[in-house]
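Walk me through this chain, from its strands to its side-chain contacts. Keep it short and concrete.

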Amino acid sequence: MRLAVLVIGLLLSLVTGAASLAPIPPSNRAALIHERLTEANLNRDHVMVVAHRAGWKKGGTTVRAENSFAAIDHAVSTGVEMVELDVRRSQDGVLVIMHDETLDRTTTCRGKVAEFTLKALRSCQLVVEGSRRVTDEHVFTLEEAMLHARGRILINIDNKLEPEALVEVADLARSLGMADGVLLKLAVWNAERLQLARDIRRAIGPEIAFMPILADDAVTEAAFVDRTQSALGAPAAELVHWYRDASQPITADGGPLLSPLARATAIRNNAHLWINTYPITDRPEGMVAGGRGDYLALKTGRPEDVWGFFVDRGVTIIQTDEPEAVIAWLDAQGLRRPYDLTN
């Protein structure tokens with residue numbers, strides 16, 4: 001019965017897919033999203049959704065080029081709050097959008113991104129992984145991506161460069177009038193790394209949203225979560241709940257980072273708890289979510305065992321490869337509130 005309900009929901013999302021052709025929402029949408037991001041305690045009745053690699057999949061199938069303008073536009077049209085974009089650098093020092101170190105998987109070119117000038121990268125057309133369908137988009141810069149998203153949706157920066165590059169990203173966002181349009185982050189696992197995060201936090205400025213990434217192979221106590229969130233003034237903490245062996249049972253409690261105490265520290269610091277349910281290529285399903293990944297929700301027809309499991313433990317931001325399905329389920333549970341775009 002539950003599977004049938006999920007299938008019906010997914011079919012309805014296909015019918016409403018024409019929403020991707022709907023008018024672009026007013027330019028104040030990003031500001032409203034930023035407000036919900038930075039005021040977690042006022043918005044715990046609304047679960048925010050982040051489209052991994054800007055939203056490139058549907059039902060487990062790659063349907064658009066990752067990190068593309070088409071993906072950004074689709075994410076906006078479906079109500080997603082943030083798109084994740086991966087940042088690298090061209091040979092001539094320009095920040096560009098690309099997930100892999102090489103161009104092979106996602107473009108018509110071959111070779112390392114860092115060995116191509118921006119001019120050369122312009123000749124690399126984005127392709128849809130799997131089918132290798134060539135799109136009409138080419139590799140673009142971070143600045144171009146920011147301008148394309150500006151006012152419509154937030155950008156969650158996945159920095160593939162040295163940590164200090166985040167300062168450059170922040171300066172770019174500020175120069176474009178997008179200080180409230182990006183979210184920067186850094187993995188933190190000990191006191192030394194926390195100090196680095198604090199230094200970067202000071203360098204990028206308080207108006208730029210910045211959060212830690214905390215993984216439970218190193219961070220096992222809620223006290224460290226508390227100290228990190230407090231030190232950084234972070235609006236969220238991205239949590240990684242490792243699941244390294246497919247023979248082990250999926251998580252039953254969410255681990256130490258999703259304990260009642262960790263949830264209490266998030267409330268104390270006015271911060272969101274963030275979980276990633278997307279898969280990682282050639283790794284166990286749900287590897288970063290205790291085995292509770294998108295595929296499990298779709299395969300079993302029990303999204304409550306995945307997205308619902310984390311919401312029950314205080315998660316208010318979900319990064320996923322299935323944003324349409326997640327939003328549809330959250331809507332059905334009364335866990336989404338519309339944005340007032342009339343003011």
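Which elements make a β-α-β unit with β9, and is that unit right-handed or left-handed? Helix α7 (residues 191-204) and β10 join β9 in it, and the unit is right-handed. Right-handed has a set sense here: with the strands pointing away from the viewer, the path from the first strand over the helix to the second runs clockwise.

A note on the basis of what follows. This is a predicted model, in which local features need pLDDT of at least 70, side-chain atom pairs count only at pLDDT 80 or more, and totals for chains, interfaces and linings use all residues. Residues are numbered from 1 along each chain as its sequence is written, and side-chain values use heavy atoms, with hydrogens and water left out.

Start with the whole chain. It has 12 helices and 13 strands. These are DSSP runs, numbered from the N terminus: helices are H or I with at least four residues, strands are E with at least two. The C-alpha trace spans about 50 × 50 × 50 Å along its principal axes. The radius of gyration is 19 Å, which agrees with the value near 20 Å for a compact globule of 343 residues. That radius is taken over C-alpha atoms, and the globule rule is 2.2 Å times the number of residues to the power 0.38. Of the 343 residues, 55% count as buried. Buried means under 20% relative accessible area, exposed means over 50%, and partly exposed lies in between (1.4 Å probe, protein chains only).

Now return to β10, residues 209-215. Seven of its seven residues are buried, so the strand is largely enclosed by the rest of the structure. Both faces are covered. On one side sit A209, M211, I213 and A215; on the other sit F210, P212 and L214.

What lies beside this strand? β9 (residues 182-187) runs parallel to β10, and five bridges join them. Two strands pair if DSSP finds at least two bridges between them. One contact to look for is A187, whose bridge partner in β10 is I213. Strand β11 (residues 236-240) also runs parallel to β10, joined by three bridges. Here A215 stands opposite V240 of β11. The chain gets from β10 to β11 through helix α8 (residues 222-232), and this β-α-β crossover is right-handed.

Turn next to charge. The whole structure holds 23 salt bridges. Each is a side-chain nitrogen of Lys or Arg within 4 Å of a carboxyl oxygen of Asp or Glu. Look at R174. It forms a salt bridge with D171, the closest N and O atoms being 3.0 Å apart. D171 and R174 are three residues apart in helix α6 (residues 165-175), so about one helical turn separates them. R174 also forms a salt bridge with E207, with the closest N and O atoms 2.6 Å apart. This pair links distant parts of the chain: R174 is in helix α6, E207 is in the loop between α7 and β10, and their positions lie 33 residues apart in numbering. D171 is partly exposed at 41% relative accessibility. R174 is partly exposed at 32%, and E207 is partly exposed at 36%.

Another pair is E304 and R302, with closest N and O atoms 3.4 Å apart. E304 is partly exposed at 28%, and R302 is partly exposed at 27%. Elsewhere, salt bridges that share partners join R53, E66, D100, R105 and E129 into one network.

The rings come last. The structure holds two aromatic pairs. Rings of Phe, Tyr and Trp (its six-membered ring) pair if their centres lie within 6.5 Å; planes under 30 degrees apart count as stacked, over 60 as edge-to-face and the rest as tilted. F69 and F140 form a tilted pair, 4.4 Å centre to centre with 45° between the planes. F69 is in helix α3 (residues 69-78) and F140 in the loop between β7 and α5, 71 residues apart. F69 is partly exposed at 23%, whereas F140 is buried at 3%.

F309 and F310 form an edge-to-face pair, 5.1 Å centre to centre with 90° between the planes. Both F309 and F310 are buried. R292 lies over the face of F309, 3.8 Å from the ring centre. A charge sits over a ring if NZ of Lys or CZ of Arg is within 6 Å of the ring centre and within 35 degrees of the ring normal. The charged end of R29 sits over the ring of Y339 in this way, 5.9 Å from its centre.
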